[in-house]
Amino acid sequence: MLFNSISFLFHFIFFYLIYYFVSNRIRKYLLLFFGIYFYSQWGIKPTVLLLTSVIFNYSLARYLANELGQKRKVIFIFGVSANLLYLAAFKYFVFVWQLFSDLKISFGFPGIVWKPEIILPIGISFYTFHNISYLIEVNDKRINPTKNFFTFAIYDLFFPLLLLGPIERPGNLIPQIESEQTITKEKIWNGISLFLWGVFIKSTIADPFSRYVEIHASSFESLEPGILWIVAPVIAFQVYADFFGYSLCAMGLAEMMGFQLMNNFKRPFFSSNPSEFWSKWHISLSTWLRDYVYIKLGGNRHGFLRENTNLMVVWFLAGIWHGAGYGFVIWGVYLGLCLVLYRCLKHYGLVKENIGFISHLGVFFTFYSFSLGLLLFRIQSPSETILILQNLSSLPNLSSIPLMILLTALPLILFDFWQEKKDTDRPNFFISTKPYTFLFIFFFLFLWFSLFSPFGKQDFFYFQF
């Protein structure tokens with residue numbers, strides 16, 4: 001059940017009509033039931049694995065909170081390691097196996113013919129990090145483990161963020177689950193507008209952009225010289241519209257039910273430098289890595305060299321988190337180097353911030369460095385990196401610039417520009433509690449075009465992670 005599908009729409013309306021009228025206690029059971037049902041649409045085996053993970057982490061956190069000293073440390077390390085091994089078994093085993101085979105070939109030995117087939121459970125990276133953050137917060141005594149199993153199960157199975165996040169912190173979501181949800185007209189209207197806008201940019205921007213990318217970058221060997229200079233920003237808008245669209249849908253659905261999820265994007269393409277960009281893109285992951293990896297490694301407390309070394313470790317891990325493949329590793333290292341280069345230039349006074357033209361130039365270079373990095377996601381072998389560089393060594397044919405693609409992205413650009421001018425912390429349409437005319441137009445133009453558009457349905461880009 002994709003959010004941008006008639007099937008999900010009918011299921012959610014049926015669920016919400018019950019949810020709205022029942023007591024708060026019944027709502028908790030409904031949330032848990034619908035979360036299990038929603039995830040089970042992608043298979044019974046992944047659902048059993050997810051439920052096993054829920055039981056394991058709930059029990060371990062309760063046990064962890066009751067221990068002190070060295071035993072507590074051992075239990076904590078065991079819990080985090082178990083979650084990482086669980087993730088590695090499904091996400092990285094095949095890649096490591098292939099890497100071992102490639103190394104054998106490089107040393108003149110025959111490769112491994114047999115290749116294991118392991119199906120990656122959808123959303124495993126997100127809910128595993130969800131659980132690790134819970135164990136860390138309990139171990140550091142920032143929160144007490146919830147005694148109610150159903151509360152923790154809802155935290156892990158909260159369907160708006162179950163598949164693609166955001167990686168919500170337990171200190172934010174669990175208190176909301178434990179308290180009574182107040183549903184107001186304003187929350188309903190805001191939730192609907194966010195959901196519809198998310199569906200719109202996913203279906204009418206991300207999906208057609210995805211098909212353009214597949215046509216023009218399906219093989220790096222047969223590309224028109226310089227075309228990747230044009231394809232790269234198209235990929236950037238595709239990924240942004242896709243993931244931002246999902247995040248908006250998740251925020252909208254949660255708000256309609258009386259919850260508030262963290263904002264995962266804050267107009268990242270208006271950022272004038274890499275540091276600012278990563279404070280506005282996939283915020284739940286970047287802050288997760290900052291708080292639980294970068295700071296734990298020492299952050300910026302041990303000198304400039306150590307600080308940048310810690311950043312490279314974080315971005316290497318970020319690349320691996322995104323996927324098991326050469327392209328993801330290279331992508332993580334590339335973005336880490338971009339960030340370190342900027343910080344070095346800033347450290348030695350070679351760049352100036354917030355100075356008119358220079359700031360606008362920084363927006364351009366930041367956007368393009370990110371866009372070119374996304375090409376690395378498509379690499380299947382290290383040799384394809386050379387093919388990308390060879391293509392980028394030529395200038396593009398300006399007649400190849402797809403005017404319709406630019407026009408298609410215009411609604412998203414204008415929305416973000418509007419939000420930037422308003423300086424909003426969260427996406428907001430500023431609608432009143434009775435915006436009947438607005439929502440009438442929004443529903444019948446945007447939703448109709450999105451759900452019945454001629455582009456067909458595409459999985460959300462981040463499902464692969």
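**Group meeting talk: helices, ring pairs and a few single residues**

I start with a single residue: Thr184 is partly exposed, at a relative accessible area of 31%. Before going on, I should say that this is a predicted model. Thr184 sits in the loop that runs between α8 (170-178) and α9 (185-216). Where is Gly258 relative to Thr184? Their C-alpha atoms are separated by 7.9 Å, although the two residues are 74 residues apart along the chain.

Now the overall picture. The protein chain comes to 18 helices and 0 strands. It has 465 residues, of which 54% count as buried. Among contacts with a separation of 6 or more, residues 24 or more positions apart account for 76%.

Next, helix packing. Two packed helices are described by the angle between their axes and the distance between the axes. I have two cases.

The first case is α1 (6-21) with helix α2, residues 24-40. These two pack at an angle of about 165 degrees, and their axes are 10 Å apart. Why is α1 called roughly antiparallel to α2? The angle of about 165 degrees is over 145, the cut-off for that label, and that makes the pair roughly antiparallel. The crossing of α1 past α2 is right-handed. On the α1 side the contact is made by Phe8, His11, Phe12, Phe15, Ile18, Tyr19 and Tyr20. On the α2 side it is made by Arg27, Leu30, Leu31, Phe34, Tyr37 and Phe38.

Two residues from that list deserve a second look. Arg27 of α2 and Tyr19 of α1 both take part in the contact, and the charged end of Arg27 sits over the ring of Tyr19, 4.9 Å from its centre.

The second case is helix α3, residues 44-65, with helix α7, residues 149-157. Here the angle is about 130 degrees and the axes are again 10 Å apart. Which word fits the way α3 and α7 lie to each other? The word is oblique. Their crossing is right-handed. The residues making the contact are Leu50, Leu51, Val54, Ile55, Asn57 and Tyr58 of α3, with Phe149, Phe152, Ala153, Asp156 and Leu157 of α7.

Staying with α3 for a moment, Leu60 is found in this helix. Is Leu60 buried or exposed? At 10% relative accessibility, Leu60 counts as buried. If we leave aside neighbours within four places in sequence, Leu60 is in contact with Ile75, Phe78, Gly79 and Leu135. The C-alpha atoms of Leu60 and Phe76 are separated by 8.4 Å, and these two residues are 16 residues apart along the chain.

On to the rings. The structure holds 73 aromatic pairs. I will show two of them.

Take Phe3 and Tyr246. Their ring centres are 4.9 Å apart and the planes are at 15 degrees, so this pair is stacked. Phe3 belongs to the segment before α1, while Tyr246 belongs to helix α10, residues 228-256. The pair therefore ties together parts that are 243 residues apart in sequence. Phe3 counts as buried at 3% relative accessibility, and Tyr246 is buried as well, with a relative accessible area of 1%.

The other pair is Phe12 with Phe15. The centres are 6.0 Å apart and the planes are at 40 degrees, so the pair is tilted. Both residues lie in helix α1, 3 residues apart, which is about one turn of the helix. Phe12 counts as buried at 6% relative accessibility, and Phe15 is buried at 4%. You have met both names already, in the contact between α1 and α2.

Last, two backbone notes. Which residue in the loop between α6 (124-139) and α7 should we look at? That is Lys141. Lys141 has a positive phi of about 65 degrees although it is not a glycine. At 59% relative accessibility, Lys141 counts as exposed.

Arg267 also has a positive phi, near 50 degrees, in a residue other than glycine. Its place is the loop between α10 and α11 (274-277). Is Arg267 buried or exposed? Arg267 is buried, with a relative accessible area of 6%.

That is the end of my part.

Terms used: Residues numbered from 1 in each chain as written. Predicted model: local features only at pLDDT ≥ 70, side-chain atom pairs only at ≥ 80, totals over all residues. Heavy atoms only, no water. Phe/Tyr/Trp six-rings, centres within 6.5 Å; stacked < 30°, edge-to-face > 60°. Helix = DSSP H or I, 4+ residues; strand = E, 2+ residues; numbered from the N terminus. Buried < 20%, exposed > 50% of the residue type's maximum accessible area, 1.4 Å probe, protein only. Lys NZ or Arg CZ within 6 Å of the ring centre and 35° of its normal. Axes fitted to C-alpha atoms, helices over the stretch in contact; angles between N-to-C directions. Parallel < 35°, antiparallel > 145°, perpendicular 65-115°, else oblique. Left-handed = near helix turned anticlockwise from the far one by under 90°. Contact = heavy atoms within 4.5 Å.
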